[in-house]
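Hi,

Here is the structure I said I would pass on. Have a look at it first, and my notes on what turned up follow right below.

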Amino acid sequence: MSEAMPDTPQFSTANKQKIVELLTRYPRSQGALIPVLWLAQDQFGWLSTPVMELVAAELKLSVTSVLATAMFYTMLYKKPHGRFHVQICTNVSCYLRGSDDIVAMAREVLGIEPGQTSSDGLFTLEEVQCLCACERAPTLQINQDDYFRVTPESLRELLTNLQTVGAKLGPRPGWVDEALAGHGSHEHGGHHHA
Amino acid sequence: MPEHRLLLRRHLGVDFTKLENYLKHGGFKMWAKALELGPDGVTAEVKASGLRGRGGAGFPTGMKWGFLPKDNRPRYLVVNADEGEPGTFKDRYFLEEDPFRQLEGILLGAYAINAHTCYIYIRGEYWNSKNVTEDAIQQLYKANWLGKNIQGSGFDLDVYVHSGAGAYICGEETALIESIEGKPGMPRLKPPFPANIGVFSMPTIVNNTETLAAVPVILEMGAQAWSDLGSPRNGGTKLVGVAGHVKNPGLFEVPMGTPMREIIYELGGGILDDREILAVIPGGSSCPFLTKDEIDVAMDFDALKTKGSMLGTACITVIAEGTDLIKVMGRVAKFYQHESCGQCTPCRQGTGWLHAIAQKLDQGAAGEEAIDLLIDACNQIDGNTICAHGEAAAWPIRSIAKKFRPQLEAAIRARLAAA
């Protein structure tokens, strides 16, 4: 595995302090697991095997239990994601209000299909389940921001702007183009830009 | 207009995310009353009000609190703010716009059940809700409305936001408990019930956000006045949503038992382009669909049962004539397949079958006999799983297959003809 690698992940000082505080909230350390996985994802971009090993060590849990939990939750990323995670609701309320046209526009502007990440690491496109703002459908979420009453034209403008912003920001930390890196790339480390 | 606003107060134009504004409008006044009543008195008042859980199941809240064993183990209050039922958008209001109402309810509820730790489980996608609620909690700690010896009362309470991470099933209370414990959100077998063995194996009460937000209102107006507002056995007011094909989609508050037709046509403004109604989902997509002839029903827990459906979250989705029900069914089936936790075979496999059949129908690759196959698959899921997720998938799809058969058959014929 990766412990000998020069870029073995380490939590930042701020995150280490946060973990100490989180552990006071729960009578068992596993209670802090999901909160700590959120911190890890925020710092490292996604939950690679070395990152999950780090979390396991930090909370004194088995790697298996960390993996089992991480695998269960869709918002915990088990592979690299784009800088902008474009999540379009296609459930009933948004479908009734034209979400198919919203998805079509996203595919056209980004040139990728739902479930894919652009090769520059800037965009991941995904159809998601109900975001529970149905009175303002159609809705979508990009990273932590909600967008309501979206139209194909407003989405084109939004994504075009993000393409410009993204060109300056570059991908997330931990970005690996899986198509180039091949299988098990994260086992070799070496891709952390943090 | 049938609105009756006690909880929903956007119209005041006040920023209720600031504690000073919440206090100015009567916030936390019920704490003194709670201390006067004592824990059992608060529970008795909630019991007398007949308040039923606003998460969808409608279980009497005071009775639930009364299930806690009389022992000295630490107790937990857990708030179910994992709003995710497709079509629903009511708890978001409290979490984002009026967070102290829920937090006052938490203080009163925790006092009533003698809990000193509360976790608010907010769905992962609700970033704004998490931020606003967390900020409100910090304001309360600073003002000694949380923490040690609250307002000199000797009562201690810590409240923490626990974020979900994208799993609808965690709205099921035992899955939610597993998730707080850091595990995959797989529902537990009951019994034991959470009131005895809940989070971290301790006695636990799980209440919905809107339920707790109603507690200060009930203490203020009195149990009798609250229960007088609704229909028999369905006391109080309820947040109701209207979305889908209506002219004025939005969130409203009405006395329980308000006619559904009034909510759709008066509050919701009627149907887009003045079309006819094709179908109505009363309170989230796990409720059996109603036809346009079934909407003369009171919006409460018991009346909707008599129509073979459920009040659910009381957020109504209106589907207008001309909508392709095969597409709608496909979205419903895809959702429940995606969100099945996978531990029970009938649900894991059955929801996959429902989605696969719906896809075949949509592709014009299945005939009318597939409708019977759908019903058969639903029957095999129903009643055969640990939690209600299986029924949540089977009931709405079976209702479409049975009640809307002519529309489905027409849509199937059109696809076969085009193919």
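Start with the loop between α7 (173-180) and β4 of chain B, which is where Pro191(B) lies. Bear in mind throughout that this is a predicted model. The peptide bond leading from Lys190(B) into Pro191(B) is cis, and its omega is near -5 degrees. Then comes another one: Pro191(B) and Pro192(B) are also joined by a cis peptide bond, with omega about 5 degrees. Pro192(B) is found in that loop between α7 and β4 of chain B too. These caught my eye because most peptide bonds are trans, just as most residues other than glycine have a negative phi.

That brings me to the backbone angles. Which residues other than glycine have a positive phi? Gln151(B) is one of them, with phi near 50 degrees, and Asp273(B) is another, with phi near 55 degrees. Gln151(B) lies in the loop between α6 (127-142) and β3 (158-163) of chain B. Asp273(B) sits in the loop between α10 (260-267) and β7 (277-281) of chain B. As for how open they are, Gln151(B) has a relative accessible area of 38%, so it is partly exposed. Asp273(B) reaches 65% relative accessibility and therefore counts as exposed.

Now for the strands of chain B. Is β1(B), residues 76-81, buried or exposed? Six of its six residues are buried, so the strand is largely enclosed by the rest of the structure. In a regular strand the side chains alternate between the two faces of the sheet. For β1(B), both faces are covered: one side has Tyr76(B), Val78(B) and Asn80(B), the other has Leu77(B), Val79(B) and Ala81(B), and all of these are buried.

If you want to trace the partners of β1(B), try β2(B) (residues 117-122), which pairs with it in the parallel sense over six bridges. A handy place to find that pairing is Tyr76(B), which stands opposite Thr117(B) in β2(B). β1(B) also pairs with β4(B) (residues 204-208), again in the parallel sense, this time over five bridges. There, look for Asn80(B), whose bridge partner in β4(B) is Asn208(B).

Further along chain B you will find a hairpin made by β5(B) and β6(B), with five residues between the two strands. β5(B) covers residues 237-244, and its pairing with β6(B) is antiparallel, over six bridges. Val242(B) has Gly250(B) of β6(B) as its bridge partner. β6(B) itself (residues 250-255) is mostly covered, with six of its six residues buried.

There is a helix contact in chain B that is worth a look as well. How do α5(B) and α8(B) lie relative to each other? The axes of α5(B) (residues 99-113) and α8(B) (residues 209-221) come within 7 Å and cross at roughly 75 degrees. Crossings from 65 to 115 degrees count as roughly perpendicular, and the two helices are therefore roughly perpendicular to each other. On the α5(B) side the contact involves Arg101(B), Gln102(B), Glu104(B), Gly105(B), Ile106(B) and Leu108(B). They meet Thr209(B), Leu212(B), Ala213(B), Val215(B), Pro216(B), Val217(B) and Leu219(B) of α8(B). By type, the residues of this contact split into eight nonpolar, three polar and two charged.

Last, chain A. It has eight helices and four strands, and along the sequence they run α-α-α-α-β-α-α-β-β-β-α-α. Of its 194 residues, 53% count as buried. If you take the contacts in chain A between residues at least 6 apart in sequence, 66% of them join residues at least 24 apart.

The helix I would pick out in chain A is α1(A), residues 13-23, where Asn15(A), Ile19(A) and Leu22(A) are buried. Seen down the axis, these buried residues fall within an arc of 65 degrees, so they line one face of the helix. The background is that an α-helix has 3.6 residues a turn, so residues three or four places apart point the same way. What do the buried residues of α1(A) pack against? Their neighbours are α2 (33-44) and α3 (49-59) of chain A. On the other side of α1(A), Thr13(A), Gln17(A) and Val20(A) are exposed.

Cheers

Terms used: Residues numbered from 1 in each chain as written. Chains lettered and ligands numbered in written order. Predicted model: local features only at pLDDT ≥ 70, side-chain atom pairs only at ≥ 80, totals over all residues. Heavy atoms only, no water. Axes fitted to C-alpha atoms, helices over the stretch in contact; angles between N-to-C directions. Parallel < 35°, antiparallel > 145°, perpendicular 65-115°, else oblique. Contact = heavy atoms within 4.5 Å. Nonpolar A, V, L, I, M, F, W, Y, C, P; charged D, E, K, R; others polar. Buried < 20%, exposed > 50% of the residue type's maximum accessible area, 1.4 Å probe, protein only. Pairing = 2+ DSSP bridges. Arc of directions from axis to C-beta.
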